Amino acid sequence: MTRRRILACALGGLLLAATGAAAQDYPTRPIRFIVGFAAGGGNDLFARLVVAKFQEQTGYTAVVENKAGAGGRISSEYVAKQAPDGYTVLVGATGQMSIASAIYPNLNYNAVTSFIPLNMIASFPLVMTVPANHPAKTVKELVEWAKAHPDKANYGSSSPAFTITTELFKLKTGAPAVAIPFKSSNASVLCVMAGDCLLTIGDGPPAIPLITSGKVRALAVTGSERSPELPDVPSMAEAGYPDVNIKLWSGFFVPAGTPAPIVQKLTADLGRALADPAVQNGLKKMATTPGGPTGDAFKKVIEADIKSFSDVVKAANLKFDE
């Protein structure tokens, strides 16, 4: 063995030893969990629920910080630039990861290569609602009604995620509908309640109280399974449209380059917090399915989502302002 190779091996051994020691001592200071949305929103609530249990179980100091803006992209850009040492964790959602990758060509981060996925926090379907007094009682009846009244067919949307889902529904059914933009999913479903929007496909929390009180009617939830929060509402697959299979998710990520022992430790510790019955029940009350894939399996979900969303954007010729 040459002197150069001996030296390289020795340096490599020292580096591995240093990395192992750092991981063994980790953490020695507070871990920051960065949420890309305002306090009180879904991703913020998910994060605070899990991080509180994470602190309780491990004794580590952890803080949740909100860096809201640009649909979560500001927080992703920020975390991607942080030192890969396990002290900055991104709470990333479908919108800022998979969907942003599909619709914005000039992102300052790459959802797949800039981060290492840790744990999926939860996933959830979207729910289609129509006015409570609308004659359509099923999704197929709604499609027929929209085709017969194209001048009255519109939909409310407050997010590229909801727009893409509704445009996928249009592609698969041939139903016409013009988008009406809103600043929140709550505003979209209120438009439906007032009868000014034919439909909206959005997240469950703002819609479920109006559904259960009879102020709007839910026709379906996206995907192949019913929502536990809406057991009487069929899935899109049951309604006859299995290709409208979009689910959104939220998860934990660290910057690429974070040492494997730290990644493994964080994944295990966060996994224990997610498995806690109180955390599971709290997530279920927010109309989500707790947990999900970790690591490489989570990465494959993101890659598949990017392709699916990109295909819809191309087929529907959608354009989004950055």
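This is a short dialogue about the cavities and salt bridges of a predicted model.

Colleague: Happy to be here! How many cavities does a search of the whole structure find?

Modeller: Welcome! Rolling a probe the size of a water molecule over the atoms shows where empty space is left. In this structure, the search finds 2 cavities of 30 Å³ or more. The largest has a volume of about 50 Å³, and the second largest holds about 30 Å³.

Colleague: Which elements each supply at least two residues of the lining of the largest cavity?

Modeller: They are strand S5 (127-131), helix H7 (185-194), strand S8 (199-202) and helix H8 (204-212). Among the lining residues you can look for Val 127, Thr 129, Ser 185, Ser 188, Thr 200 and Pro 206. By class, this lining has 5 nonpolar, 5 polar and 1 charged residues.

Colleague: And how do the residues lining the second largest cavity divide by class?

Modeller: There we have 7 nonpolar, no polar and 1 charged. The lining includes Leu 142, Ala 146, Phe 169 and Lys 170. Helix H5 (139-148) and helix H6 (160-173) each supply at least two of the lining residues.

Colleague: Let's turn to charges. How many salt bridges are there in the whole structure?

Modeller: Side chains of opposite charge can pair when their charged atoms come close. A search of this model finds 10 salt bridges. One of them joins Glu 65 and Arg 32, with the closest N and O atoms 3.2 Å apart. That pair links distant parts of the chain: Glu 65 is in strand S2 (residues 62-66) and Arg 32 in strand S1 (residues 31-35), 33 residues apart.

Colleague: Why does Glu 65 count as partly exposed?

Modeller: Because its relative accessibility is 24%, and partly exposed covers values between the 20% and 50% cut-offs.

Colleague: Where do Lys 53 and Glu 56 lie?

Modeller: Both are in helix H2 (residues 42-58), 3 residues apart, which is about one turn of the helix. Their side chains meet in a salt bridge at 3.1 Å, N to O. Lys 53 counts as buried because its relative accessibility is 13%, whereas Glu 56, at 59%, counts as exposed.

Colleague: What about Glu 238 and Arg 226, whose side chains meet in a salt bridge?

Modeller: The N to O distance there is 2.8 Å. Glu 238 lies in helix H9 (residues 236-239) and Arg 226 in the loop between strand S9 (216-221) and H9, so the pair ties together parts 12 residues apart in sequence. Glu 238 is partly exposed at 48% relative accessibility, and Arg 226 is partly exposed at 40%. Elsewhere, salt bridges that share partners join Lys 53, Glu 56 and Asp 276 into one network.

Conventions:
Residues are numbered from 1 along each chain as its sequence is written. This is a predicted model: local features need pLDDT of at least 70, side-chain atom pairs count only at pLDDT 80 or more; totals for chains, interfaces and linings use all residues. Side-chain values use heavy atoms; hydrogens and water are left out. On a 1 Å grid over the protein atoms alone, a cavity is a set of points where a 1.4 Å probe fits but cannot get out, and a pocket is an open set with protein on both sides within 12 Å along at least five of seven lines; lining residues have an atom within 4 Å of a point. Grid points are joined across faces, edges and corners, and a volume is the space filled by probe spheres set on the points. Helices (H or I, at least four residues) and strands (E, at least two) are DSSP runs, numbered from the N terminus. Ala, Val, Leu, Ile, Met, Phe, Trp, Tyr, Cys and Pro count as nonpolar, Asp, Glu, Lys and Arg as charged, and the others, Gly among them, as polar. A salt bridge is a side-chain nitrogen of Lys or Arg within 4 Å of a carboxyl oxygen of Asp or Glu. Buried means under 20% relative accessible area, exposed over 50%, partly exposed in between (1.4 Å probe, protein chains only).
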